[in-house]
Amino acid sequence: MRVAIAELKQETNTFVPRPTTMADFETWHYWTGPALIEGLGGTNSEIDGFLRVLTDAGIEPVPILATFAMSGGKVEDATYNQLLGELLDGIANAGKLDGVLIALHGAMVTESDDSPDANTLGAIRELVGPDIPVVATYDLHANLTARMAEYADALVGFKTSPHIDQRDTGERGARVMTAIVQQGAKPAMAFVKIPMVVPASTHIHHLPGPFKRLQDATKELETHPGVLSANVAAVQPWLDIDEMGFATVVVTDDDPKRARTLACDLANACWHERDAFMEIELVPIAEAIRLALAEPSGPVVLSDCADGTGAGSPGDATAVVAALLEANPEKPALVFVRDAESAEAAIAAGVGATVKLMVGGKLDNIFNQPVELTGTVDFAGPASFRFGGEGYTGVAQDMGPSAVVRAGNVHVLIVSNSVMTVDPELYRAAGLEPKDAQIVVVKSAIQFRAGYPFARRSIMLDSPGMSSDHIVALPWDKVPRPIFPLDPEMTFTCNPIVSGGAG
Ligand SMILES: [Zn+2]
């Protein structure tokens, strides 16, 4: 037997004006054919999970395409169409296939389509026909849509935030595939859309709270015989689009009625938790710096979540850099800003030179402005790293031309490309050691928790930016109303869409 494997991932933040282009996919990774196995084999990725389960089951994995762009603005239509074309050509030319396994993000938006992931699944379905199973995995922050459920035989999602179960999710998806193609399972899927959206900083699987309760419930359901998969997709909140909100998906073996009941039980549980999800604590930046410096030792992680690069923000917000320069701390503080122009200027000046730069505030010039930074160049050159920790372990990130400019004890890491800032390897790639710092700034609401288990404490900042956790204050326009928490008095009635099974 032969099953095609592919990845096509990007998470869109529709509040970010700069579009995502082909260059953004190429910067993270973009492989076709066997190169994707070389690139992702052994990493904590869905592709590695697909490979493990298929190989163990004696099924030949047929590598088609794997590409992943950093989170950002809407994907250009031309870019999406080119990638979809590559994917479909690859599948069409792969010879006889028994199934298609694809890793999607689930929250991609293009210039003209609010659910291109559904379009991708629809195009695959049209190509392979109704009898070849198509199983898709998706990120916890996916915005699942009815069309996605219509075209896929099964949708299988992450259960963790910070995300550490990428490989595990790939394995779960591939096990649903092997159940279908080898054991004759007939997936019956129930999908429920829930009109609620909550702050991303409350998506935490390893601490007691609403998110953990819901994900634990899905895990428990998956121990029941006949339940192939059970999922809660807690959509990320920066999507001002038509079909927006949480979703639940339950896949059973040939039992549509049970899938419907379980998906509604999970959906009602999500709705019941809605107020608990709104309990967030954001600390003003100057107060957070004072608290961090008062700790007897570091590192204290300050989360500049409103400029979260993993949430699609540009990573060039300056409010925290400015506050650190103003605080002039007596102990080392590490802070990140994306600014290709300033990185280039520091590299041109060279290590040891004193430079005066206006850093950041060029991509996010709505909430942030450039800040004057005068300091010594301590590092200059290209920089890249591979994730350590438990997150995207082994997956590579290219920061591009980069520099470290130090002003007193403030070490400003300036990079050219948008990258995940969630792992200490980011700073180490430029010669800085987070374990020796009192303050480490990350541009991430949750994912950094997988990279910084050694942090003394972490503080969520009330900072300005394009991925703010102040949900109600976001500039909503298209999102369907009523929706919680914009319309707090609304009610919810479960209305599942059920597909599949032997009928
Ligand atoms: Zn996510």
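Biologist: What volume does the second largest cavity have, and what makes a space a cavity?

Modeller: The second largest cavity has a volume of about 50 Å³, where a volume is the space filled by probe spheres set on grid points joined across faces, edges and corners. On a 1 Å grid over the protein atoms alone, a cavity is a set of points where a 1.4 Å probe fits but cannot get out, whereas a pocket is an open set with protein on both sides within 12 Å along at least five of seven lines; lining residues have an atom within 4 Å of a point. Among the residues lining the second largest cavity are E7, W28, H29 and Y392.

This is a predicted model, in which local features need pLDDT of at least 70 and side-chain atom pairs count only at pLDDT 80 or more, while totals for chains, interfaces and linings use all residues. Residues are numbered from 1 along each chain as its sequence is written, and side-chain values use heavy atoms, with hydrogens and water left out.

Biologist: Where does the largest cavity lie with respect to domain 1 (2–277) and domain 2 (285–468), and how do you know?

Modeller: Both domains, whose bounds come from an automatic or database domain assignment, give residues to the lining of the largest cavity, so this cavity lies between them. Its volume is about 290 Å³, and E11, H141, G310, A311 and Q447 are the closest to its centre of the 23 lining residues.

Biologist: Which residues donate to the zinc ion?

Modeller: D139 (OD, twice), H141 (ND1) and H163 (NE2) are the protein donors, lying 2.1 to 2.8 Å from the zinc ion. Donors are N, O and S atoms within 2.8 Å of the metal (3.2 Å for Na, K and Ca); water is not among the atoms, so sites may look incomplete.

Biologist: Why is the arrangement around the zinc ion called irregular?

Modeller: Four donors count as tetrahedral if all angles lie between 85 and 135 degrees; four count as square planar and six as octahedral if opposite donors are over 155 degrees apart and all others between 65 and 115; anything else is irregular. The 4 donor atoms here subtend angles of 51 to 150°, which makes the arrangement irregular.

Biologist: Why does D139 count as buried or exposed?

Modeller: Buried means under 20% relative accessible area, exposed over 50%, and partly exposed in between (1.4 Å probe, protein chains only). D139 has 2% relative accessibility and therefore counts as buried; H163, at 4%, also counts as buried.
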